[in-house]
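Dear colleague,

I am passing on to you the structure we talked about, with the sequence alongside it. Please look it over when you have a moment; my notes on what was found follow below.

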Amino acid sequence: MKEELIVSGRLNHLIDPQLHIWHWHIPLYLFLGGLAAGILFFAALFTIRGKENEYPTSVKLAPFITPVLLIIGLLALFFDLNHKLYFWQLYTTIRIESPMSWGAWVLMIVTPLSFIWCALNIKTIFPAWDWKYDWLKELEAFFRKHVIVISWIMLISSLILGVYTGILFSAFNARPLWNTSILGPLFLTSGLSTGAAVIVLMSKNKHERHTFAKIDLMLIGIELFLITHMFMGFLASTQVHIEAAELFLGGPYTTPFWLFVVTLGLGIPAILELLEIRGYKMPYYIAPALVIFGGLVFRFIIAYAGQASRWLY
Amino acid sequence: MRYAMAVDTRKCVGCSDCVVACQTENNVPVGFCRDWVVEVIDGTYPKLEIEIRSERCNHCENSPCVRCCPTGASHYAEGGVVLVTPHKCIGCGACIASCPYDARYPHPDGHVDKCTFCLHNRVEKGLDPACVSVCPTKCMYFGDLDDPSSSVSKILKVRKFKTLIPEAGTRPQLYFLI
Amino acid sequence: MSTRRDFIKISSIGLGGTAVLAGVAKWGLGKPSDTMATNALHPPKRFTKTPTYCEICFWQCAGWVYKDEEGKIQKITGNDDDQHCNGRFCPRGTGGIGQYYDEDRLKTPLIRTRENGKDIFREASWDEALDYIAAKMKKIAKEHGPECIALFTHGSGGAHFSHMLKAFGSATVAAPSFAQCRGPREVGFLTTFGDIIYSPERIDIRNTRCMVLIGSHLGENMHNGQVQEMSDAIDRGATIITVDPRFSTAAGKSKYWLPIKPATDLALLLAWIHVLIENNWYDKEYVEKYTHGFDELKEHVKSFTPEWAFGITTIDPNIIRETAREMYNAAPSVIVNPGRHVTWYGDDTQRMRAVAILTALLGSWGRRGGYYKPEKLHLENYPVPPFPEPKRKPTDAYNGRYQLANEVVANGLCDATIPSVERACNLQAWIVNGTNLLAAFPNQANTLEAIQNLQLLVVVDTMPVELTGYADVVLPECTYLERYDMLRNSNHRQPNLALRMPAAEPRWNTKPASWIARELAAKLGLSAWFPWKDMEELLDWQLKSAGSSLEEMKKIGVKNFPREVDDLYFTPGEDVVFNTTTGKIELYSTDMEGEGFDPLPVYTPHEEPPDGYYRLNYGRAPMHTFSRTANNPNLTDLMDENVLWVNPKVARLWGLKNGQPVKLKNQDDIISTFSIKVRITERIRWDSVYMVHGFGHNNKKLSRAHGRGINDTELITRVHVDPVMGGTGMRGNFVTFITDFEKSGKEVLS
């Protein structure tokens, strides 16, 4: 029998017996950030391809929730900090090797962009909007002139926003569950998928709903593929990775993950979407709602399970 | 200059003096510890083996905590000692999650804290870190690996040693003599 | 007859009454964790240091107390000149500041009063408390005699209180550390070599080539100097042989670990003696010159072969021979460590005699790497009037028994408090300082019965330990960091003195023992025996008589003096006269024979655990001392409760899981008050369980210690008394598991 124990009574708060340094703030932000990234990505994509009018909700309506999502996300991040008064230190330096630094700066780009995007499309909600001041009108005209450039910036930065949180987690080799390069693309795909789902929910345009449902279906397929390969990778990797995978294969996170995330959040929506494409009539809002729910639970499970996986003791 | 520490597991009895001395020397808040003692027992009665280690932050050469810090609060100081500048730390916890040795903890003041090799308060004054100075079995060595006459360089030349989870790729500078 | 004495929780302090809190500087400071990290925002402070010697255990290492600019105690480190610690304190000493900052400390004198049909404590002034005690003491002295007032002590306070008591006319002073701990070894060695082992033990570990630990778990018991020297010995390649049914830390560092069956150590020792003699693996010259009774010994051990021992101890006979050979190869630089807490099965003096005989055969007594000749400074005593002669001696209390005991038998005094046909009178009052008798004495029921017969129980302590709940008067002593005490004058390789001076003012309304004894003496009209103005005057006088001064000692803390007589070891061919009847080392003990005991040790089998029961083994942890540190915040950080070591086979049998809480029931159907967590480990035999002593505190005022783990003392109800010197053997108790119990245990002492 092998015993390995700490005999000096180490019980550091939030570290022992299991790491719990991040609570609900982080998974909430991950979800909101991914969702915002997804929405803004599609908004930018279809603007660049000139399809603003074919997909009006995607380009002109859905982005309105993104500033709210991002602000809530940023607030969640702020409240998670232990040394809140010093948060501004994040913006005194750019550290290439730290994904969290990228994230801080990307958020600095995406959040204003989302506001600008909303400003550009304000007439969707308030048709009689008047900018009143001349300098505002000039600013609006300037942005509208360069809307393609803005779209490209938003496209790339929303992609970074969607992927960097996964990269951030995967850079922690100390938490074997996260230490897979699949996590970045997985988070991105999940973000895009939830974004597409929100667009489906918000859209009144049947054609738009269908397109995005198909996009969502494809993204769900990719997600399932990535998840499968993530686990195959763990089981074929080192002992600590196998143990990390076992958290989901008989361990405490098994039921929540496979039931809520994979079945309810991915599998059933996929089936529903397929059936809809085949022509079966059903309420269009069930599948997207499940996708969004699954996306949220997925972030929580990954954040918590990751903190439960470790190298030592 | 490359500061490193060696712990002789053959002599360590697990008394945890290093833990208390560090606490009183560095005002570590009660309930937290910067170093700790691990006991590993292998075998079946009566064929048994025991290894006792005094562990702390390994002040890794390739430390993930310095790499992932978004503000640069986690940094390499003199001799490769990894330190945290409290007024630059935002308390995001990334470094805590990134340490495979779970050596860091959130200080009640808000910043992140861990073993500092007593760099500023002792080593720079010519003393050994508190844990090394107090150890009743004198099983701990500290010094400059780049200096062949330092106690730690000399002991590593004549004894077999190991580090913890070298496969994590962090190149730790805490050596265990076995 | 006094009314039944109830246990009073110190939390139930009565309101009203004449509570006068003479506020001494009230420290509003919190724990040392005042989150002042040494960083850019809080630059490092400048420190001043004052000397002290530690009081946490009996090793009394000398060290320095560091205080910052505000006078707040920051840390404690060792004094480099001190032979006890060589500049390095152990974890308890380093954590001593926790004792100072502990908010659960006793803060003010308390007197037991009856209110609304219930006993409670009311706060009192020092004057009131001491008046109460003095009045009772005078009454008892008049009715029964001053000798009926006993002092139980462990630590520096004893010197002050025993001085006062001696002036009062009583020499009834005992320390539990004799009959509850090292007594058998002192008597075993005294009858053999004519000298005792002292404390710190006079063993030359740092020069030894082979050390045998039989009943010693160095590394878990933190005898600072011994652990340090053992580490030095390991560095020099010394062989360590550990005999222990448990895989102790020392066993993990040993060349040989003999996993002996519990209670059979004497058989192994006899077999070793047999092997050494049979193979002529002994120091012939030494034995010829210095010992008496070799031929009797040789005849006696003839039948104690390794094969015979194997059947009893389960140790392979070849290993017995091999280890004997190792000892001989290293002789005379070999130590069979006499251990410390050696009160096990009632034949302990005989077992220690066997250790002494082994030591003599190997020729290591008085030799380098074996036992050295310690020396103590001869210190003048401040002149006082002659003491009155007590009419009764402490030994009268135990009626002619234990004639060979060279110190007072504490449990004998305890028993002498219970009226019996054997005695004309009983002890009427106890003053207890620095020892929690309910944890120190086995058989708690007996101790409680004794207490019920007392007219007066005064407990002087720093913490509200269980015994305080039964006191008539509780006097809060300040910690060693807040007071002066007598100089530490120890037996060591070099004579030495260490100074203890206060690093801070006493917190709350606590006082040093020196003050308490002096004030009590004044109230008893004994001020003539306390002629010095204060401790500073007394210490300065003593130091000047030794060629130093208080001023000097305050700067250096420890002063080592050159030896006056002799070398550390015997010189080759030296004619040594031993302080025994024959003047030689008595392998065959005439003293034992004279008292009607076996002159040569004989193995007697001891009781084994009944079916479903396991022997209750207990020991130490290096971060705690007895039961007195269980509330220290720095040390509870390291270990806040004990765990029960259970062999995996046993765990499987009982379906126990790691970390599962269980209660224990012993052979006399006593159930533990609290529960303990199980640690499933291969380190313990399948016929035993093991836990660290000193936990399971049952006083809610000990906020960090209450209810944590099990108090092994409450399960030690079967006591095997050593007929030679009265030692209380405590290892003959067996326990079984109770896995199904209510979370809230019934409080025994409620």
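Which residue of β4(C) stands opposite C:K67? It is C:I73, and before I go further I should say that this is a predicted model, so that everything below is to be read as computed from it.

The pair just named belongs to a stretch of chain C in which strand β3 (residues 62-67) and β4(C) pair in the antiparallel sense over 5 bridges. These two strands, β3(C) and β4(C), form a hairpin with 5 residues between them, and in the turn C:G71 has a positive phi of about 85 degrees. Strand β4 (residues 73-78) of chain C is largely enclosed by the rest of the structure, because 5 of its 6 residues are buried.

A second sheet brings two chains together: it is open, has 3 strands in the order β1(A)-β2(B)-β3(B), and its pairing is antiparallel. Its edge strands, each of which pairs on one side only, are β1 (2-6) of chain A and β3 (47-56) of chain B, and neighbouring strands of this sheet are turned against each other by 15 degrees on average, direction ignored. Within chain B, strand β2 (residues 35-44) runs antiparallel to β3(B) and is joined to it by 10 bridges, with B:I41 standing opposite B:I50 in β3(B). Helix α1 (residues 17-26) of chain B lies across β2 and β3 of chain B, and runs at about 170 degrees to β2(B).

The interface of chain B and chain C comes next. Here 46 residues of chain B are in contact with 47 residues of chain C, and the two chains bury about 4000 Å² between them, of which 56% is on carbon and sulfur atoms. On the side of chain B, the residues that lose the most area to chain C are B:T24, B:N27 and B:Y45, which together account for 19% of what that side buries.

As for polar interactions, the count between chain B and chain C is 5 salt bridges, and one of the salt bridges found in the model joins the side chains of C:D235 and B:K11 at 2.5 Å, N to O. The rule also finds 20 residue pairs in polar contact across this interface, both residues being at pLDDT 80 or more. The elements that give two or more residues to the side of chain B that touches chain C are α1, β2, β3 and α4 (130-134) of chain B, and the largest share of that side, 8 residues, comes from α1(B).

With best regards

How values were computed:
Residues numbered from 1 in each chain as written. Chains lettered and ligands numbered in written order. Predicted model: local features only at pLDDT ≥ 70, side-chain atom pairs only at ≥ 80, totals over all residues. Heavy atoms only, no water. Pairing = 2+ DSSP bridges. Helix = DSSP H or I, 4+ residues; strand = E, 2+ residues; numbered from the N terminus. Axes fitted to C-alpha atoms, helices over the stretch in contact; angles between N-to-C directions. Contact = heavy atoms within 4.5 Å. Buried < 20%, exposed > 50% of the residue type's maximum accessible area, 1.4 Å probe, protein only. Buried area = accessible area lost by both parts, 1.4 Å probe. Salt bridge = Lys/Arg side-chain N within 4 Å of Asp/Glu carboxyl O. Polar contact = N/O pair within 3.5 Å; in protein donor to acceptor, adjacent residues only side chain to side chain.
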